[in-house]
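Visitor: I would like a close look at a single part of this model, with the cut-offs stated wherever a term depends on one. Please take your time and connect that part to what lies around it.

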Amino acid sequence: MSRSDSQGRWHNLKSEIAEALLGLLFPGPIFCAACGARLERNDEYVCSACRAQIILLSEPMCRRCGRPISYPGFCTQCCLRERSFVRSWPAAAYRGALRQCLHRFKYNYGVYLAPFLGMLLAKRLQQADGVPTDPMVVPVPLDPGRMRHRGFNQAELLASELAKIYGWRLHKKALRRIRTTLPQADLNVEERWANVSGAFAATEKLAGKEILLVDDIYTTGATAEAASQALKEAGACAVYVATVAIASSHPQGRRNKYKHK
Ligand SMILES: [Zn+2]
Ligand SMILES: [Zn+2]
């Protein structure tokens, strides 16, 4: 065996050992993020049954918020409420496997799901009409108290994945919360609008910028509206919204659900 052959073999062995060690230190997920079943060899993040449940939304949908509707045009909420954003693109409905994944992502050590959910957003935008060609990607900021508790902002992780996939500029701190808010999930429709109204401000001038605002879930559109207003006040010429999921526009709110019990 020549000296270069043995060097080559040693090099290969070293990479194999390094790979094995990395595999031990950072093992890939072996269980489905949604149902917990053991993943098959070709599955990534979710099992094939759960993946089949996550279907990208398609027409007919509201021309403003992207909510599935049975007729062409706008949903009732978009007719009734002010919308400062041009268009919102939710990737899929907030139910079943996607709901489980988003729950794990936010509350159950599921940060590793960011690339999976970010890719879902990217695929949805790929199919959408009217997506700006080079927007500035801005995540909805998390309440500072919850940021300290959770340790990460889920919208920021999603925005970062999306910006990476499309090569768009990410501006993590373009928006900030200017007052404390309650978790939207705890509130009903009217409380949600009051809770986030005027809660955001831009951190710098955004004159002439096209912004793609990113969040995990769109429900009533109250958060998207409050954040869009702040971006427009800072000079943004157009705000678009992308979320992983869209939930019912008539949430009961966890707090209200248990209020009379
Ligand atoms: Zn599954
Ligand atoms: Zn709508």
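Which residues of H5 are buried?

Guide: This is a predicted model, in which local features need pLDDT of at least 70 and side-chain atom pairs count only at pLDDT 80 or more, whereas totals for chains, interfaces and linings use all residues. Residues are numbered from 1 along each chain as written, chains are lettered from A and ligands numbered from 1 in written order, and side-chain values use heavy atoms, without hydrogens or water.

The buried residues of H5 are Ala114, Phe116, Leu117, Gly118, Leu120, Leu121, Ala122, Arg124 and Leu125, where buried means under 20% relative accessible area, exposed over 50% and partly exposed in between (1.4 Å probe, protein chains only). Helix H5 itself runs over residues 114–127, and its 14 residues reach 20 Å from the first C-alpha to the last, close to the 20 Å expected at 1.5 Å a residue; the expected span is 1.5 Å times one less than the number of residues. Helices (H or I, at least four residues) and strands (E, at least two) are DSSP runs numbered from the N terminus.

As for what lies over these buried residues of H5, the cover includes the helices H2, H4 (96–107) and H7 (154–166), together with the strands E1 (87–93), E6 (210–218) and E7 (238–246), contact here meaning heavy atoms within 4.5 Å.

The three strands in that cover, E1, E6 and E7, can be followed into an open sheet of five strands, which has the order E1-E7-E6-E2-E3 and parallel pairing; two strands pair if DSSP finds at least two bridges between them. Its edge strands are E1 and E3 (169–170), each of which pairs on one side only. Strand E2 (residues 136–139) is joined to E6 by four bridges in the parallel sense, and for Val138 the bridge partner in E6 is Leu213.

Leu213 also leads to another helix, since Ser228, in helix H9 (residues 222–233), touches Leu213 as well as Ser84, Phe85, Val239 and Val241, when residues up to four places away in sequence are not counted. Ser228 is buried, with a relative accessible area of 0%.

The cover of H5 also leads, through H2, towards a metal site. Zinc ion (ligand 2) has as its protein donors the SG atoms of Cys62, Cys65, Cys75 and Cys78, lying 2.3 Å from the ion; donors are N, O and S atoms within 2.8 Å of the metal (3.2 Å for Na, K and Ca), with water not among the atoms. These donors of ligand 2 follow the spacing C-x2-C-x9-C-x2-C along the chain. Cys62 and Cys75 both lie in the loop between helix H2 (48–53) and helix H3 (76–80), so the pair ties together parts that are 13 residues apart in sequence. Both of these cysteines, Cys62 and Cys75, are buried, whereas Cys79 counts as exposed at 58% relative accessibility.

The zinc ion (ligand 1) has Cys32, Cys35, Cys47 and Cys50 as protein donors, again through SG atoms lying 2.3 Å from the ion, and here the spacing along the chain is C-x2-C-x11-C-x2-C. Of these donors, Cys32 is buried, with a relative accessible area of 1%, while Cys35 is partly exposed, at 46%.
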